[in-house]
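Here is a friendly tour of one protein chain, written to be read with the structure open beside it. Please load the model and follow along, residue by residue.

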Amino acid sequence: MLFFLWRSSWIIITGVFLSGAVSGLSNAALIAYINTSLAGKLDMVAAPWWFAGLAVIVLVSRFISHYLLNRFSTKMVRDLRLHISRLILNAPYPNLQKIGKPVLLSHLTEDVAAIANASELFPLLCINFAIVIGCMTYLSWLSWQLASVLAGVILFGITTFNLCKDIPMRSVRNARDEYDVLSRGFAALTEGVRELKLHRRRSDQFISESLAGSADAYRGHSFRATVAYLWVNQWIQFLYYLTIGLILYVFPVWQTLNQEIVSGYVIVFLFMMSPLTILTNSLPAFSKAKVSLNRILQLDDRLAECHSADRLAELTMPEKFNALTLSGLTHNFHREKENRNFILGPIDLEFRPGELVFLIGGNGSGKTTLAMLLLGLYHPEQGVIRWNGRAIEAGNRDAYMQNFSAIFSDFYLFDQLYGVDIERNRSLMDDYLQRLHLNHKVEIVNNRFSSLNLSQGQRKRLALLVAYLEDRPFYVFDEWAADQDPEFKHLFYTDLLPALKAQGKTVLAITHDDKYFNLADRCIKLDEGRITAVEYPQAHRQRSPDQDGLQSADAETMPF
Ligand SMILES: Nc1ncnc2c1ncn2[C@@H]1O[C@H](COP(=O)(O)OP(=O)(O)OP(=O)(O)O)[C@@H](O)[C@H]1O
């Protein structure tokens, strides 16, 4: 990723370094020039011009350095955000589930912000570092004996800093870890706000035990890091005064020096105080950025590793849909409360174009898990999915997923119609809005829904419109009708689903509406993760698992 940042902005980064170095060195040259002027050693006719020239160089190079760095840091933040977003989009869904939404969000917000923060300090750092180096060079030129005293103190400072730099870093790392816990708390707060508002004791306990706990821990680690850096700062200041003390009072005892050199030394040294303080004050921001960058690199590795094969995939599966087969698919979840696994499968099924299939069964029987496997969002632990006879694996899973349009029970509705040619579909959209009784509620203006302030049922109807426009060969609906009033429920089963079927689309609908089971071509019943029955209501016939040749061994045909 660092390579990626360097590749995209190497010209700006080089410009920042160069202008920062020029600014710092000209600054140091200016102070040296002022010092020499004070000693009265200069030609006073040419001196003002030299002084003005140096001052202009300082100002111009400082402006260029800041300007370039602001361009770099804003571009870097934008690139980082898009880079992480693309990583998230390309990663397998189970990995994202494992990481969790709050943690992903804290990468996009906290980590990127910490890096941006540090990058904004970068021109200051370059300039002040160059000033310090320039001043040191000048001091060495003034007196090599004093320069060796200075070098000794600097070496001592660096050694002591290296010995204890892990102490504040540990606190910065702990604070960042705790921020993930805090983010989970924030997610619970915003998503569970209704439940919290209805229950005073629950919300009090949530704040005092959960949120306050992690807020305190975060504060504690951050405070410890700040205090540790305060000590580092104080130590550096101490060394600074120690050096001045050595030069003024100890060194003359050992060796007599020209008073002019000593006063020049002290003036330049006092001038260096401000750049040194800036350098030491920016240490906490750089440590935070280092920790955040490591976190992003870890995420990069975690996500890049698992989707590298997917990225190579072709985008679409060109041929027309003939058959989708699931053979021996299994998936399992650990049920923590019961301390046992939920096992789905082995599942054997086949779907053909234009089929209307209902997936039914009790709560927790595995319907959604089966739909997620079929969609390619979950990966089977055993068994294989074949699309038109071609086995689906890492290399073509992304292409395979482009054949589906799905409305999940906890669906998300984007306020904009992404990936849809609005002008070509304008009349179709108006027609759907009317059929879904949404034409008085919502308009599509500039590719955007005019409002999403709708009931859950209306939002689901809008999601259906989006699914229609996607025009995919295979549709999956997870309890779509659950939030609809009886009129729309009826419309969905008797009109909308048959219309999709008539267009040759295959539909898998998860449903509990037994009143409409007779409208399906096939009803598949799941119980405890296994297919226990298959019914063909439209054909008015019952086929045994053996006839079908695809049902799992213990599946039996039975009326619902
Ligand atoms: N992400 C998950 N992590 C752990 N267990 C899970 C997860 N998703 C589902 N399960 C478990 O798998 C089992 C099947 O869940 P699934 O959601 O597939 O059932 P379902 O038939 O769709 O139920 P419902 O009708 O209530 O939506 C349940 O025991 C559930 O607790």
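## Starting at Phe129

Let us begin with Phe129, which counts as partly exposed because it has 13 to 19 neighbours in the sense used here, namely 17 C-beta neighbours inside 10 Å. The cut-offs behind that label are 20 or more for buried and 12 or fewer for exposed. Do keep in mind that this is a predicted model.

Phe129 sits in helix α4, which covers residues 101-142. Beyond four places in sequence, Phe129 touches Gly24 and Leu279. The C-alpha atoms of Phe129 and Gly20 are separated by 8.7 Å, although their positions lie 109 residues apart along the chain.

## Two domains

Where are the domain bounds? Domain 1 runs over 2-304, and domain 2 over 324-548. The C-alpha centres of domain 1 and domain 2 are 52 Å apart.

## Along the helices

Helix α6 (residues 166-191) offers a neat check on geometry. Its 26 residues should span 38 Å at 1.5 Å a residue, and this agrees with the 38 Å between its end C-alpha atoms. Which residues of α6 are buried? They are Pro168, Ser171, Val172, Ala175, Arg176, Glu178, Tyr179, Asp180, Leu182 and Ser183. As a general point, an α-helix has 3.6 residues a turn, so residues three or four places apart point the same way.

Leu150 belongs to helix α5 (residues 144-164). Leu150 counts as partly exposed because it has 19 C-beta neighbours inside 10 Å, while the cut-off for buried is 20 or more. Setting aside residues up to four places away in sequence, Leu150 touches Leu139 and Thr243. Leu150 and Leu139 are 11 residues apart along the chain, with their C-alpha atoms separated by 9.1 Å.

Ser203 is part of helix α8 (residues 200-254). With 17 C-beta neighbours inside 10 Å, Ser203 is partly exposed. Its contacts, leaving aside neighbours within four places in sequence, are Leu196 and Lys197. From Ser203 to Leu189, 14 residues apart along the chain, the C-alpha separation is 9.1 Å.

Gly53 lies in helix α2 (residues 47-90). Is Gly53 partly exposed or buried? Gly53 is partly exposed, because 13 C-beta neighbours fall inside 10 Å. Gly53 and Phe186 are 133 residues apart in sequence, and their C-alpha atoms are 55 Å apart in space.

## Nonpolar cores

In soluble globular proteins, nonpolar side chains tend to be buried together. The largest nonpolar core here has 57 residues, and the members that touch the most others are Leu359, Leu370, Ala371, Leu374, Val476, Leu497 and Ala509. Which helix gives the most to this core? Helix α14 (residues 456-470) does, with 7 residues.

Ala509 touches Phe358, Phe477, Trp480 and Leu497, not counting residues up to four places away in sequence. Apart from this core lies another one of 40 residues, and its members include Val22, Leu87, Val268 and Ile296.

## Around the ligand

How many residues surround the ligand? There are 12, and Phe333, Asn363, Lys367, Thr368 and Thr369 come nearest. By character, the shell divides into 2 nonpolar, 8 polar and 2 charged residues.

Both β1 (324-335) and α11 (367-375) supply at least two residues of the shell. The largest share, 3 residues, comes from α11.

## Two positive phi angles

Two loop residues are worth a look if you check backbone torsions. Asn388 is not a glycine, yet its phi is positive, at about 50 degrees. Asn388 lies in the loop between β4 (382-387) and β5 (390-391). With 13 C-beta neighbours inside 10 Å, Asn388 counts as partly exposed.

Glu479, also a residue other than glycine, has a positive phi near 50 degrees. The loop that holds Glu479 runs between β9 (474-478) and α15 (486-502). Glu479 is partly exposed, because 17 other C-beta atoms lie within 10 Å.

Notes: Residues are numbered from 1 along each chain as its sequence is written. This is a predicted model: local features need pLDDT of at least 70, side-chain atom pairs count only at pLDDT 80 or more; totals for chains, interfaces and linings use all residues. A residue is near a molecule or strand if its C-beta atom, placed from the backbone, lies within 6 Å of it. Helices (H or I, at least four residues) and strands (E, at least two) are DSSP runs, numbered from the N terminus. Ala, Val, Leu, Ile, Met, Phe, Trp, Tyr, Cys and Pro count as nonpolar, Asp, Glu, Lys and Arg as charged, and the others, Gly among them, as polar. The expected span of a helix is 1.5 Å times one less than its number of residues. A nonpolar core is a set of buried Ala, Val, Leu, Ile, Met, Phe, Trp, Tyr and Cys residues joined through C-beta atoms within 7 Å. Two residues are in contact if their C-beta atoms, placed from the backbone, lie within 7 Å. Domain bounds come from an automatic or database domain assignment.
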